[in-house]
Every structure is written in structure tokens, then in C-alpha cells.
Amino acid sequence: MEYATRIREKLTAGLAPDRLEVVDDSARHAGHAGADAAGETHFHVTVVSAAFAGKSRVERQRMVYALLAEELRERVHALGLTTHAPGEAGA
């Protein structure tokens with residue numbers, strides 16, 4: 001299963017997001033550390049979830065990293081995150 005799909009499935013199951021966007025940015029990082037010609041090494045994820053309400057930016061990131069620990073160990077080299085609770089600016 002491709003990593004973008006795994007990321008979507010795990011974040012959907014773990015955070016029940018109102019909005020979830022998973023963008024494979026690997027092509028933009030060709031030649032950078034951790035890049036692989038096969039792709040799926042660099043992602044940007046935007047998540048809007050009620051699970052983030054009352055949590056700091058760092059707490060939110062830790063929640064996402066915990067859900068994606070396996071992918072980060074295996075292949076995903078870089079993970080950019082935008083995390084919001086519903087109703088926050090940018091959500």
C-alpha cells in the first residue's frame with residue numbers, strides 16, 4: 001500500500017478529521033537528504049480535527065507523529081504539518 005494512503009487511513013482512524021489533505025512533496029525535494037527517486041519520502045499534511053481542541057501546536061504534532069510512527073521509521077523522511085481545531089483561523 002502506498003504511503004499517502006497509509007497516512008490518510010491512520011489519521012482518519014486516529015483523529016476523525018473534518019478535513020484532511022495529504023500532499024506528496026517528494027518531487028520538490030529531489031537531491032535533498034532522504035529523497036528517493038521512487039517518491040513518497042516528503043509529505044505535507046493538513047488536518048482539521050476536534051481532537052486538537054485545547055492542544056498546543058507541539059501536542060498536536062506529537063499526536064500525528066505517534067499515529068505515523070511506522071511510516072516515519074520506514075520511508076517517510078520529512079513530514080510538514082498544518083494542524084487546526086475546527087473554527088480556528090486557517091481551519
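Analyst: A salt bridge is a side-chain nitrogen of Lys or Arg within 4 Å of a carboxyl oxygen of Asp or Glu. By this rule the chain has 7 salt bridges. This is a predicted model, in which local features need pLDDT of at least 70 and side-chain atom pairs count only at pLDDT 80 or more, while totals for chains, interfaces and linings use all residues. Residues are numbered from 1 along each chain as its sequence is written, and side-chain values use heavy atoms, with hydrogens and water left out.

User: What makes up the secondary structure of the chain?

Analyst: There are 3 helices and 3 strands. Here helices (H or I, at least four residues) and strands (E, at least two) are DSSP runs, numbered from the N terminus. Read from the N terminus on, the elements go α-β-β-α-α-β.

User: How do you know that Glu-74 forms a salt bridge with Arg-6?

Analyst: Check the gap: their closest N and O atoms are 3.0 Å apart, and the limit is 4 Å, so the pair passes. Glu-74 sits in helix H3 (residues 69-74) and Arg-6 in helix H1 (residues 3-15), so this bridge ties together parts that are 68 residues apart in sequence.

User: Why is Arg-6 called buried, and what is Glu-74 called?

Analyst: It comes down to relative accessible area: buried means under 20%, exposed means over 50%, and partly exposed is in between (1.4 Å probe, protein chains only). Arg-6 has 15%, so it counts as buried. Glu-74 has 43%, so it lands in the partly exposed class.

User: What makes Lys-10 a salt-bridge partner of Glu-70?

Analyst: The closest N and O atoms of Lys-10 and Glu-70 are 3.2 Å apart, so they meet the cut-off. That pair links distant parts of the chain, with Lys-10 in helix H1 and Glu-70 in helix H3, 60 residues apart. Lys-10 is partly exposed at 26%, and Glu-70 is partly exposed at 33%.

User: How do you know that Lys-10 also bridges to Glu-71?

Analyst: For Lys-10 and Glu-71 the closest N and O atoms are 2.9 Å apart, so this pair fits the rule too. Again the link joins H1, home of Lys-10, to H3, home of Glu-71, 61 residues apart. Glu-71 has a relative accessible area of just 1%, so it is buried. Put together, Arg-6, Lys-10, Glu-70, Glu-71 and Glu-74 are linked in a network of salt bridges.

User: How do you know which strands of the sheet pair with each other?

Analyst: Two strands pair if DSSP finds at least two bridges between them. Strand S1 (residues 19-24) and S2 have 6 bridges, in the antiparallel sense, so they qualify. One of these joins Asp-24 to Phe-43 in S2. S2 and strand S3 (residues 78-84) have 7, in the parallel sense. In that pairing Val-47 is matched with Thr-83 in S3, and His-44 stands opposite Gly-80. The result is an open sheet with the order S1-S2-S3 and mixed pairing.

User: Why are S1 and S3 called edge strands?

Analyst: Each of them pairs on one side only. Neighbouring strands of this sheet are turned by 10° against each other on average, direction ignored. H1 packs on the sheet, touching S1 and S2, and its direction makes about 25° with that of S2. For such angles, axes are lines fitted to C-alpha atoms, for helices over the stretch in contact, and angles run from 0 to 180 degrees between N-to-C directions.

User: What makes strand S2 largely enclosed?

Analyst: Of its 7 residues (42-48), 6 are buried, so S2 is largely enclosed by the rest of the structure. Over the whole chain of 91 residues, 35% count as buried.

User: Which residues touch the most other members of the largest nonpolar core?

Analyst: They are Ile-7, Leu-11, Phe-43, Val-45, Val-64 and Leu-79, in a core of 16 residues. A nonpolar core is a set of buried Ala, Val, Leu, Ile, Met, Phe, Trp, Tyr and Cys residues joined through side-chain atoms within 4.5 Å. H1, S2 and S3 each supply at least two residues of this core, and H1 gives the most, with 5.

User: What does Val-45 touch?

Analyst: Leaving out residues up to four places away in sequence, its contacts (heavy atoms within 4.5 Å) include Ile-7 and Leu-11, Leu-20 and Val-22, plus Leu-79 and Leu-81.
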